[in-house]
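Here are a few exercises to work through, each with a solution in steps. Have a go yourself before reading on.

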Amino acid sequence: MTPGEAADAIERVLLDGLDPEAGPARSAVPVPAGELLLMPAASADHVGVKIAGVAPANPAAGLPRITGSYLLLDGPTLQPVALLDGAALTALRTPAVTAVAMRRLAAPDAAHLVLFGAGPQAYGHLDALLAVRPLTRVTVVARSAAPAEALAEYARARGLEAVAGGPAAVAEADLVVCCSTARTPLFDGALVPDRAAVAAVGSHEPDAREVDAALVGRAALYVEARGAALREAGDLLMAGVGEGHELWNLAELVRGEAPVPTDRPRLFKSVGMAWEDLAVAAETHRRGLA
């Protein structure tokens, strides 16, 4: 399934009436190697659960940081029907969710993407955003030069002008996407132009963030679900966002109920939710791909 097709699957479930606010909370269990995440979701047709491991030491050993599996069951009978690679599913659905948001939040002519991170999510986001916006230029910002240059070369192979750069590149961005493991802000939010849309997807912890309070304070704010964001979105919580702040959820955005101003940045903060995994896993199964 392409990133664009995965985005379409996510949009369909929202347009069909799924309420992101009603989804069960993620369970996070500390384990010696890191963290074990349990993410169940259900619809009339399917039930599913992702069991994901987050192992911070894995990359140093040449192994993926995110591991896991996804079990898909038939909704009416609860019989298992498919077992999917959980890491591959996450690598597809997370950029697809961002693409759904950026179809509405990014300017139609958005051409310059500043991309923080150089891991699997960065590659996935590049492909997904190419499906929804006419990108011509990419600036990759990463901790290490070699991975940044490898991603820039990947972008050049897709016909884009691409370089490895620094955080100040956000001042010239139409789109900024943060998919890193950072726990502190990656750039000065005051530099982001009013025309730009920003997506922060790298963390789901209340004490970690990729964007600063300056950006949060300036921006129109969008989330997958208000409840999940107020539990887990450190980017917002550490900037003082709480119950009284205006947050629009993804269903409202997709249905055209959320305003999209052009006189200030638009920030989409994603923490990853189980209903998204179910939407993409079920569509994969329907297509006979799993």
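**Exercise 1: Buried or exposed?**

Glu 11 is buried, at a relative accessible area of 11%. Keep in mind that you're looking at a predicted model. Your task: work out how Glu 11 and its salt-bridge partner Arg 103 compare with the cut-offs for burial.

*Solution.* Start with the cut-offs: buried is under 20% relative accessible area, exposed is over 50%, and partly exposed is in between. Glu 11 has 11%, so it goes in the buried class. Next, take Arg 103: its relative accessibility is 25%, so it counts as partly exposed. Now join the two: their side chains form a salt bridge, with N and O at 2.7 Å. Finally, place them in the chain: Arg 103 belongs to helix 2 and Glu 11 to helix 1, so this pair ties together parts 92 residues apart in sequence.

**Exercise 2: How two helices meet**

Find out at what angle the axes of helix 1 and helix 2 cross, and which residues make the contact.

*Solution.* First locate the helices: helix 1 covers residues 3–15, and helix 2 covers residues 86–105. Their axes come within 8 Å of each other and cross at roughly 70°. Angles from 65 to 115 degrees count as roughly perpendicular, and helix 1 and helix 2 are therefore roughly perpendicular to each other. Then list who touches whom: helix 1 brings Pro 3, Gly 4, Ala 6, Ala 7, Asp 8, Ile 10 and Glu 11, while helix 2 brings Leu 92, Arg 93, Ala 96, Val 97, Ala 99, Val 100, Arg 103 and Arg 104. Sorted by class, that contact has nine nonpolar, one polar and five charged residues.

**Exercise 3: More salt bridges**

How many salt bridges does a search of the whole structure find? Trace some of them through the loops and helix 5.

*Solution.* The search turns up 23. One of them pairs Glu 205 with Arg 183, at 3.0 Å from N to O. Glu 205 sits in the loop between strand 10 (197–200) and helix 5 (213–218), and Arg 183 in the loop between strand 9 (175–178) and strand 10, so the pair ties together parts 22 residues apart in sequence. Glu 205 is partly exposed at 25%, and Arg 183 is partly exposed at 38%.

Now step to Arg 218, whose salt bridge with Asp 194 has its closest N and O atoms 2.8 Å apart. Arg 218 is in helix 5 and Asp 194 in the loop between strand 9 and strand 10, which puts them 24 residues apart. To finish, look for shared partners: Glu 5, Arg 12, Glu 283, Arg 286 and Arg 287 are joined into one network of salt bridges.

Methods: Residues are numbered from 1 along each chain as its sequence is written. This is a predicted model: local features need pLDDT of at least 70, side-chain atom pairs count only at pLDDT 80 or more; totals for chains, interfaces and linings use all residues. Side-chain values use heavy atoms; hydrogens and water are left out. Axes are lines fitted to C-alpha atoms, for helices over the stretch in contact, and angles run from 0 to 180 degrees between N-to-C directions. Helices (H or I, at least four residues) and strands (E, at least two) are DSSP runs, numbered from the N terminus. Angles under 35 degrees count as roughly parallel, over 145 as roughly antiparallel, 65 to 115 as roughly perpendicular and the rest as oblique. Contact means heavy atoms within 4.5 Å. Ala, Val, Leu, Ile, Met, Phe, Trp, Tyr, Cys and Pro count as nonpolar, Asp, Glu, Lys and Arg as charged, and the others, Gly among them, as polar. A salt bridge is a side-chain nitrogen of Lys or Arg within 4 Å of a carboxyl oxygen of Asp or Glu. Buried means under 20% relative accessible area, exposed over 50%, partly exposed in between (1.4 Å probe, protein chains only).
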